[in-house]
Amino acid sequence: MAFWEDWGKGDCDCGWKKCLIWTAAIAGVGGLIVLLVFAFALVFPPKATADDAVLLRFALSPGSPPSNSTVSYNATVTLSLRNPNLYRGISYDPVAVAFSFNGTRFDESATVPAFYHRPRKTATFHVTVGGAGKPVPKLTAAGVAAFRAENATGRFEVEVRLDTVMQYKARKARCPLAVICPLQLQLVDPDVAATAFQRTKCTVLRAKKSGC
């Protein structure tokens, strides 16, 4: 009786060991498949942040009507794009950069050259714009009122928008992309140390089409 009990117990232990080995092997293969799916089958849009910004000048000369107003400004913004994909790089066409105040664009002069964005890497670029007595023909009375209110505090809400077309590595689709960064900028004196800028997360808008 003892012989059969011992034999049965040993066989059971061996079965459990095999079960654990097979379970670990299946889990490992399953994990590898999931990793490959994430790396090759799925694509993720870039993530964007505004890392730094300085506003040295922002002066509005109101006109009558408001569309006859002019603006003088100097601003520098540091922006970052991160490619979260494990395998797929991203090719970008030249990037158009626009600055807006109260929904009205006042500068569209800046561009970022076309570039290739490697997987899991961050691309950082600096954008500097400036102008003196520049017309803002789309400015409204509400925009003039908003400027006066914010000018009293020296803190302005400025939006930076990036527009481009991107293409994932090994995919044919060309995908329009927009990045919108709402910034709160404190007007600073160039002869005084700049105030600290709070890093801001930007909104990424991509086309709802196959391959994008």
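Q: Hi! What counts as a cavity here?
A: On a 1 Å grid over the protein atoms alone, a cavity is a set of points where a 1.4 Å probe fits but cannot get out. This is a predicted model, in which local features need pLDDT of at least 70, side-chain atom pairs count only at pLDDT 80 or more, and totals for chains, interfaces and linings use all residues. Residues are numbered from 1 along each chain as its sequence is written, and side-chain values use heavy atoms, without hydrogens or water.

Q: How many cavities of 30 Å³ or more are there?
A: Two. The largest has a volume (space filled by probe spheres set on the points, which are joined across faces, edges and corners) of about 90 Å³.

Q: Which residues line that largest one?
A: The lining (residues with an atom within 4 Å of a point) is F58, L60, V71, F101, T104, F106, V136, L139, G143 and F147. Strands β1 (47–61) and β5 (104–112) and helix α2 (141–151) each give at least two of them; these are DSSP runs, H or I of at least four residues for helices and E of at least two for strands.

Q: And what lines the second largest cavity?
A: L55, F58, Y73, A75, F99, F106, V158 and L185 surround its space of about 40 Å³. β1 and β2 (70–82) each supply two or more of these residues.

Q: Switching topic: what is the strand order in the open sheet?
A: It runs β7-β2-β1-β10, with antiparallel pairing (at least two DSSP bridges between strands). β7 (122–135) and β10 (200–201) each have a single partner, so one side of each lacks a neighbour in the sheet.

Q: How many bridges join β2 and β7?
A: They pair over 12 bridges, and R82 sits opposite T122 of β7.

Notes: 1 Å grid on protein atoms, 1.4 Å probe; cavity = no way out; pocket = protein on both sides within 12 Å on 5 of 7 lines; lining within 4 Å.
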